[in-house]
Amino acid sequence: MTERDVAVVGVGQSDFGELEGQRVTEFGGRAVREALLASNLDNDAVEEAYIGNVASAAQDQTGVVGQAVLREVGVTGIPITRVENACASSTCAFREAYKSIRSNERDVVLALGVEKMTGVPTDVALKDMSGASDAEVEGPMGMTFMGVYGMRANAYMDRFGDVREELADIAVKNHANGLANPHAHLHLDVDRDDVLESRMVADPIRLLDACPMSDGAAAAVLARGDVAEQLSDEPVYVDAVEASSGHYLDSDLEYWREELDERVSEQAYREAGIGPDDLDVVEVHDAATIGELMHYEGLGLASHGKGASLVRNGDVMLDGRIPVNPSGGLKSRGHPVGATGVAQVCELVWQLRGEAGDRQVEDPTIGLAQNSGGALVGEGGVSTVTILSTR
């Protein structure tokens with residue numbers, strides 16, 4: 001351990017789903033209380049907080065949401081900063097918390113993701129989501145995110161052949177994992193035919209290929225390495241948190257490829273001093289099943305065009321060589337956009353500590369989370385890669 005090491009000492013998560021009648025301050029406060037209890041810390045130990053939140057139309061508290069949530073649990077009088085970066089908002093908040101400790105500015109910092117998305121008409125929710133694409137050009141043309149995923153799926157299959165059944169199997173896998181996650185939004189027992197016969201949304205993307213919109217919150221307490229070792233017998237070290245954006249002006253963009261993932265994961269692997277073969281458990285941004293398959297390749301778990309083989313061989317199953325989305329992923333756990341990134345961190349911490357219950361992966365020591373946010377001209381707005389380990 002060095003004086004610049006950073007570790008997660010405690011995490012907490014609310015239920016994800018349609019939390020009817022609940023305000024962000026209620027379920028956000030629940031996640032923070034759980035994280036502080038797990039950290040063995042009093043409220044006044046938190047020196048700073050970063051809050052991932054998009055503030056959709058379903059959310060009454062659109063400004064100073066971090067202050068409102070943290071007031072509920074008695075964390076006041078500290079710097080509190082909201083971070084908005086579409087679906088990657090809370091991973092970017094987690095990254096700011098990490099950097100604050102890494103730079104020796106703080107010893108203990110909170111990262112929270114919180115979002116209220118349900119309770120408004122679908123057209124209102126879709127207009128909110130279109131704001132995370134090019135709002136002047138793509139949104140008015142009707143370019144929804146599932147439309148983008150449909151175009152990318154067609155580009156992928158034009159190049160590498162039909163993977164429609166493997167995409168269905170990804171949905172089946174993630175829903176099976178989600179059945180063992182008490183916090184998950186959708187507890188569904190589905191098979192391949194259910195997915196392939198579900199309603200078409202954006203050819204070839206069907207309803208059961210797509211994640212739900214959810215309400216929920218997730219929190220993580222980060223501490224300087226020596227402080228973490230005093231607080232916990234099981235600190236989980238942050239070995240890398242990297243993020244980048246797309247190029248957008250490149251007319252030669254290859255829609256079948258996750259080039260942004262490739263760049264970010266390469267930086268993260270270098271920072272952590274590992275490679276993809278060293279990973280024991282992975283969480284990825286599966287807003288649609290084609291997204292999960294393309295992330296396999298973007299992260300180097302498989303070469304271009306070979307992602308489907310990980311599904312056929314069972315490598316990404318809970319008992320496979322490299323389990324992916326043991327939490328159920330966005331497909332089953334749910335997708336409250338501003339909370340998803342820290343929820344992925346929560347899952348990795350529980351997995352690395354052996355606390356994941358019936359969805360526990362066997363003896364993991366290194367985990368990776370990939371989180372995407374927004375898009376411009378079909379290219380990712382942001383991709384983040386976080387690597388955690390027990391060392």
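Helices (H or I, at least four residues) and strands (E, at least two) are DSSP runs, numbered from the N terminus. The structure described here is a predicted model, in which local features need pLDDT of at least 70, side-chain atom pairs count only at pLDDT 80 or more, and totals for chains, interfaces and linings use all residues. Residues are numbered from 1 along each chain as its sequence is written, and side-chain values use heavy atoms, with hydrogens and water left out.

**Aromatic residues**

Helix 5 covers residues 145-160 and contains both Tyr 156 and Phe 160, which stand four residues apart, about one turn of the helix. A search of the whole structure yields two aromatic pairs. Rings of Phe, Tyr and Trp (its six-membered ring) pair if their centres lie within 6.5 Å; planes under 30 degrees apart count as stacked, over 60 as edge-to-face and the rest as tilted. Tyr 156 and Phe 160 make a tilted pair, with 4.9 Å centre to centre and 50° between the planes. Burial is judged by relative accessible area (buried under 20%, exposed over 50%, partly exposed in between; 1.4 Å probe, protein chains only). Tyr 156 counts as buried because its relative accessibility is 1%, whereas Phe 160, at 29%, counts as partly exposed. Phe 160 also pairs edge-to-face with Trp 256, at 5.4 Å centre to centre and 80° between the planes. This pair links distant parts of the chain, since Trp 256 lies in the loop between strand 8 (236-244) and helix 9 (259-272), 96 residues from Phe 160. Trp 256 has 10% relative accessibility and therefore counts as buried. Tyr 156, Phe 160 and Trp 256 form one aromatic cluster.

**Nonpolar cores**

A nonpolar core is a set of buried Ala, Val, Leu, Ile, Met, Phe, Trp, Tyr and Cys residues joined through side-chain atoms within 4.5 Å. The largest core has 42 residues, and Leu 279, Ile 290 and Ile 387 have the most contacts inside it. Helix 5 gives the most to this core, namely five residues. Contact means heavy atoms within 4.5 Å. With neighbours within four places in sequence left aside, Ile 290 is in contact with Tyr 149, Ala 153, Tyr 156, Leu 167 and Ile 205.

**Salt bridges**

The structure holds 21 salt bridges. Each is a side-chain nitrogen of Lys or Arg within 4 Å of a carboxyl oxygen of Asp or Glu. Three of them are listed below.

| Residues | N to O distance |
|---|---|
| Lys 116 and Asp 215 | 3.1 Å |
| Arg 270 and Glu 266 | 3.3 Å |
| Glu 283 and Arg 333 | 3.2 Å |

Lys 116 and Asp 215 are both buried. Arg 270 and Glu 266 are separated by about one helical turn, because they are four residues apart in helix 9. Arg 270 counts as exposed at 57% relative accessibility, and Glu 266 counts as partly exposed at 47%. Glu 283 is buried, with a relative accessible area of 0%, and Arg 333 is buried at 1%. In addition, Asp 5, Asp 239 and Arg 391 are linked in a network of salt bridges.

**Helix 3**

Helix 3 (residues 89-102) is mostly covered, as ten of its 14 residues are buried. Among the buried residues are Cys 92, Phe 94, Tyr 98 and Ile 101. Just after helix 3, Asn 104 takes a positive phi of about 70°.

How values were computed
Expected span 1.5 Å × (residues − 1).
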